[in-house]
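Me: I should like to go through the terms used for this model and ask what stands behind each of them. Please set every value against its criterion.

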Amino acid sequence: MESRKKEYVKLGIPFICAVLPLYATLWYNYYLASYVLLTLLSASSFVYVGKLRYSHKKFKHRLKSNLYTDFNTRLPNRLQFLKDARSLNPSIDSTLILINIDSFQTTNNFYGHAFGDAFLRTIAHWLKNNLPPVEATLYKCEADIYAIFIGVPFNEYNLKKYLKKISMKITKEHILCRGIEIDTTLSIGAVQGRKNLLKLSSIACKEARNKRISYVIYDKSSYKEKEYHHNITMNHILKEALSKNRIVPFFQPIINLKTKKIEKFETLMRIQKEDGNHYLPCEFLEIAKHSKIYSKLSMALIQKAFETFQISSNSFSINLSYLDMTNSVTKAFIFEKLEEFNVGSWVIFEILESDGIENYEAIASFIDEVKAYGVTIAIDDFGSGYSNFERMTQLRVDYIKIDGSLIKNLDRNEETKIIVKNIVNFAKELGIKTIAEYVHSQSILACVKELGVDYAQGYYIGKPCAHLTPLPQNT
């Protein structure tokens, strides 16, 4: 056994001596191959990383370029203008011209969005060829609005001359888009100054559009900017009033001139201020209608009026606009509250004669629905509009409130007396009760009694108040 081990050792040593150099060579070649491979990988990785960084830089540049470029017209956009405006020389007056295409939405709807995009490109090309004869940049803002910026001095005479020229030129020229001729007019607003150029030119452009004139240059002495600021502020106030439950109903008494008793109250809306005073409807109502918050104000007032008169034996009236009677949400709310509070027999809905009453079908439909709950209907400010008695019968009106413009000087104007007398006589023949508004003195009260008016309302009878008040002694 021992001799066999020695024999194996004798045989193994030469074998190891023969194999070892071969193994070393293979190991060296493997190491060398690995080194070469790693070197090649590193080099290609370096090249790849370089290409990747270049591609990323290129993509970033393209992304940035797209951010400041209108996709459709390839013009610099509003963001680019705002960026450029930051680098303006504060000591030099600049000029910004805002251009709005009239009736673009009609064109877009009639021919389709693809045509609309092509038309915007056509106008962009036309404006590029008709820029002012000074250094000027054309921008494409939102929707169908373009802007021309002039960063060098450009006097008002030349500005007016240019605006008049392009306004007339575009109406005379045949604007062709995809073989279709489009009659095109523009509403243009311009401003010259150093601050708020976009805001002020936008005000001027809106004024041109509203007045249907070709162009308006912003007048620094006008009060338009203050008006816009007031509208924005009041809109915030109304939203806050809704969230903080500051919609307050005021009630003005209406007396029966025969019995001299209060039979009804008109519910009037007020917005409570921080100091406890109140905003009047003339301060916020039109703003509310334009800011889409009006229906929420109406519903808040209806809710509070129904809660108040649920425990009162008096009738009460609430003013409803055409918006209220045609808004599906407001209508559903009214029907829901009539069922919930069961006050239909006490409710009078007052409808303004001049407020969309031309659409009698929509109003008649609403009236039919609410009358099923026992509600009565009054036409407010009767005599200020069409005063069509035939329509009154079709609407099944229960009361006519004679407009204050006819009542306030009744004791000094014989012509208005004749008008009021005729209104009262016609109403009696049709079985409609009359209410005189703006009864502000004893002599006016005496006149409306003499003419046979059924009810009276006004400061002499009682001022609007946050609480239901008893009838003053002077009636």
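Reply: The replies below treat the chain as a whole, then aromatic rings, a sheet and one residue.

Me: What kind of model is this, and how many helices and strands does the chain have?

Reply: The model is predicted. The secondary structure of the chain comprises 16 helices and 16 strands. Of its 475 residues, 42% count as buried, and the accessible surface is about 27,700 Å², with 56% belonging to carbon and sulfur atoms. Among contacts between residues at least 6 apart in sequence, 66% join residues at least 24 apart.

Me: How many aromatic pairs does a search of the whole structure find, and why is the pair of Phe-110 and Tyr-111 called edge-to-face?

Reply: The search finds 14 aromatic pairs. The ring centres of Phe-110 and Tyr-111 are 4.8 Å apart and their planes stand at 85°. Rings pair if their centres lie within 6.5 Å, and planes over 60 degrees apart count as edge-to-face. Both conditions are met, so the pair is edge-to-face.

Me: Why does Phe-110 count as exposed, and why does Tyr-111 count as partly exposed?

Reply: Exposed means over 50% relative accessible area, and partly exposed lies between 20% and that value. Phe-110 has 65% relative accessibility and therefore counts as exposed. Tyr-111 has 36%, so this residue counts as partly exposed.

Me: What makes the pair of Tyr-399 and Tyr-455 edge-to-face, and which strands hold the two residues?

Reply: The centres of these two rings are 6.1 Å apart, and the planes are at 70°. The distance is within 6.5 Å and the angle is over 60 degrees, so the pair is edge-to-face. Tyr-399 belongs to strand 14 (residues 399–402) and Tyr-455 to strand 16 (residues 455–456); with their positions 56 residues apart, the pair links distant parts of the chain.

Me: How do you know whether Tyr-399 and Tyr-455 are buried or exposed?

Reply: Buried means under 20% relative accessible area. Tyr-399 has 11%, so Tyr-399 is buried. Tyr-455 has 7%, so Tyr-455 counts as buried.

Me: What makes Lys-83 count as lying over the face of Tyr-68?

Reply: Lys-83 lies over that face at 4.8 Å from the ring centre, where the distance cut-off is 6 Å and the charge must also be within 35 degrees of the ring normal. Lys-273 likewise lies over the face of Tyr-279, at 4.6 Å from the ring centre.

Me: What makes strand 2 and strand 7 the edge strands of the five-stranded open sheet?

Reply: The sheet has the order 2-3-1-6-7 with mixed pairing. Strand 2 (136–140) and strand 7 (215–217) each pair on one side only. Neighbouring strands are turned by 15° against each other on average, direction ignored.

Me: How do you know that strand 6 pairs with strand 7?

Reply: Three bridges join strand 6 (residues 186–193) to strand 7, and the two run parallel. Pairing needs at least two bridges, so the criterion is met. Gly-189 stands opposite Val-216 in strand 7. Helix 6 (residues 197–211) lies across strand 1, strand 3, strand 6 and strand 7, at about 145° to strand 6.

Me: Why does Met-392 count as buried, and which residues does Met-392 touch?

Reply: Met-392, in helix 13 (residues 389–394), has 1% relative accessibility, under the 20% limit, and therefore counts as buried. Not counting residues up to four places away in sequence, Met-392 touches Tyr-360, Ile-379, Phe-382, Val-397 and Ile-432.

How values were computed:
Residues numbered from 1 in each chain as written. Predicted model: local features only at pLDDT ≥ 70, side-chain atom pairs only at ≥ 80, totals over all residues. Heavy atoms only, no water. Helix = DSSP H or I, 4+ residues; strand = E, 2+ residues; numbered from the N terminus. Buried < 20%, exposed > 50% of the residue type's maximum accessible area, 1.4 Å probe, protein only. Contact = heavy atoms within 4.5 Å. Areas by Shrake-Rupley, 256 points an atom, 1.4 Å probe, with all protein chains shown as cover. Phe/Tyr/Trp six-rings, centres within 6.5 Å; stacked < 30°, edge-to-face > 60°. Axes fitted to C-alpha atoms, helices over the stretch in contact; angles between N-to-C directions.
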